[in-house]
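Dear colleague,

I am handing over a structure that you have not worked with before, and I would be glad if you could look through it. Please open it first and keep it beside this message while you read.

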Amino acid sequence: MNQPLQQVRSVEAKEGAGVRIRRAIGVSTLPSLDPFLMLDFFDSENASDYQAGFPDHPHRGFITLTYMLEGRMEHRDSMGHQGVIGPGDAQWMKAASGVIHSEMPRQIEGRMAGFQLWINLPAAEKMAPPEYQEYAAADFPVHADGEVTVKVLAGEFGGVTGPISDSDTHVHYFDGRLAAGRSLALDVPGEHVGFVFVHAGSVAIGGEPVAFGTLARLGGGPHEVTARGGSAGFIVAHGRPIGEPIVQRGPFVMNTAAEIHQAVMDYHAGRLVQPVAAGQLRS
């Protein structure tokens with residue numbers, strides 16, 4: 001017998017210097033979904049909701065994956081990277097041992113929409129050197145079947161493989177679009193945990209309705225996603241759980257309280273800013 005579909009309605013919050021977002025992982029009803037630590041969805045045509053942006057702030061112990069649906073955001077970090085991502089673009093940043101970065105809007109009007117997903121790192125990688133990768137929309141292949149399309153950012157779908165790779169959790173990340181009444185068949189590996197988050201319209205998963213702005217948890221096995229009442233858009237992510245203790249204090253995610261204390265001390269002592277050899281710069 002199929003288990004009831006676990007759904008989490010995203011919760012409104014403010015992050016950065018006052019950016020209005022909706023959070024679906026990292027809330028009281030879903031503190032984490034190993035290997036995923038946080039999922040934020042931002043979507044507004046009101047510049048006052050996003051104009052303040054995310055000034056310089058630190059990270060240690062995990063990966064951030066930012067995917068833009070609309071709008072333009074500039075990234076700068078303590079590794080020396082700088083770039084602007086626009087509609088359909090993405091950036092993958094392995095903060096690992098420590099990065100200070102900023103994400104600031106590069107528009108003063110119009111819609112700004114997208115996602116930031118935090119992906120945990122195993123203990124063996126939390127103090128590894130940080131890395132950064134930036135991808136244009138054209139870098140992501142699309143699997144199309146009539147009125148069903150799947151943009152593949154990471155992992156594989158329908159024989160199409162995305163450019164982003166995470167050897168620790170084998171994360172798959174897709175952006176699916178369905179015309180009214182059309183369906184998409186997903187097959188999540190048995191050892192993976194994942195989710196669907198609806199960013200346009202609404203869907204049904206296994207016959208259960210899932211509204212806009214809602215996350216539906218996926219376990220291993222087959223799942224069918226169907227557009228309800230009109231066209232629909234959603235992201236899908238799944239990966240292999242790490243299964244280690246998670247201790248988090250704001251932008252630091254480690255395995256023990258002592259490691260969190262060290263991260264805070266390192267940040268205040270300026271030790272999160274690390275020189276990077278020219279050959280390591282990638283964008």
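What follows goes through the nonpolar cores, the aromatic pairs, the pocket and the cavities in turn.

Please keep in mind throughout that this is a predicted model.

I begin with the interior. The largest nonpolar core has 35 residues, and those with the most contacts inside it are L39, F115, Y173, F195, F197 and L215. Two or more residues of this core come from each of the strands β3 (19-25), β4 (36-44), β6 (62-70), β9 (90-94), β11 (112-120), β14 (148-154), β19 (193-200) and β24 (232-239). Another core, which lies apart from this one, has 23 residues, including V152, V160, V198 and V210. As a general background to such groupings, nonpolar side chains in soluble globular proteins tend to be buried together.

F197 is a useful residue to select if you want to see the surroundings of one core member. Once its neighbours within four places in sequence are left aside, F197 is in contact with S10, A24, L39, F41, F115, G213, T214, L215, G233, F234 and I235.

Turning to the rings, the count of aromatic pairs comes to 10. One of them is formed by F36 and F195, which are edge-to-face, with 5.5 Å from centre to centre and 85 degrees between the planes. This pair links distant parts of the chain, since F36 belongs to strand β4 and F195 to strand β19, 159 residues apart. F36 counts as buried because its relative accessible area is 0%, under the 20% limit, and F195 is likewise buried, with a relative accessible area of 0%.

A second example is the pair of F41 and F212, also edge-to-face, for which the centres are 6.1 Å apart and the planes make an angle of 70 degrees. Here too distant parts of the chain are linked, with F41 in strand β4 and F212 in the loop between β21 (208-210) and β22 (214-218), 171 residues apart. Are these two rings buried or partly exposed? F41 is buried, with a relative accessible area of 3%, whereas F212 has a relative accessibility of 34% and therefore counts as partly exposed. Ring pairs also join F41 and F212 with F115 and F197 into a cluster.

The largest pocket has a volume of about 440 Å³. Its lining is made up of 23 residues, and E15, R23, M38, D40 and W118 are those that lie nearest the centre of the pocket. Strands β3, β4, β5 (54-59) and β11 each give two or more residues to this lining, and the largest share, 5 residues, comes from β5. By class, the lining of the largest pocket has 11 nonpolar, 8 polar and 4 charged residues.

Finally, a search of the whole structure finds 2 cavities of 30 Å³ or more. The largest cavity holds about 50 Å³ of space and is lined by L65, W92, I119, A154, I164, S165, D166 and V171, a lining with 6 nonpolar, 1 polar and 1 charged residues. The second largest cavity holds about 30 Å³, and its lining consists of V19, F42, Y50, G53, F54, M73, P105 and M112, which divide into 7 nonpolar, 1 polar and no charged residues.

With best wishes

Note on methods. Residues are numbered from 1 along each chain as its sequence is written. This is a predicted model: local features need pLDDT of at least 70, side-chain atom pairs count only at pLDDT 80 or more; totals for chains, interfaces and linings use all residues. Side-chain values use heavy atoms; hydrogens and water are left out. On a 1 Å grid over the protein atoms alone, a cavity is a set of points where a 1.4 Å probe fits but cannot get out, and a pocket is an open set with protein on both sides within 12 Å along at least five of seven lines; lining residues have an atom within 4 Å of a point. Grid points are joined across faces, edges and corners, and a volume is the space filled by probe spheres set on the points. Ala, Val, Leu, Ile, Met, Phe, Trp, Tyr, Cys and Pro count as nonpolar, Asp, Glu, Lys and Arg as charged, and the others, Gly among them, as polar. A nonpolar core is a set of buried Ala, Val, Leu, Ile, Met, Phe, Trp, Tyr and Cys residues joined through side-chain atoms within 4.5 Å. Buried means under 20% relative accessible area, exposed over 50%, partly exposed in between (1.4 Å probe, protein chains only). Helices (H or I, at least four residues) and strands (E, at least two) are DSSP runs, numbered from the N terminus. Contact means heavy atoms within 4.5 Å. Rings of Phe, Tyr and Trp (its six-membered ring) pair if their centres lie within 6.5 Å; planes under 30 degrees apart count as stacked, over 60 as edge-to-face and the rest as tilted.
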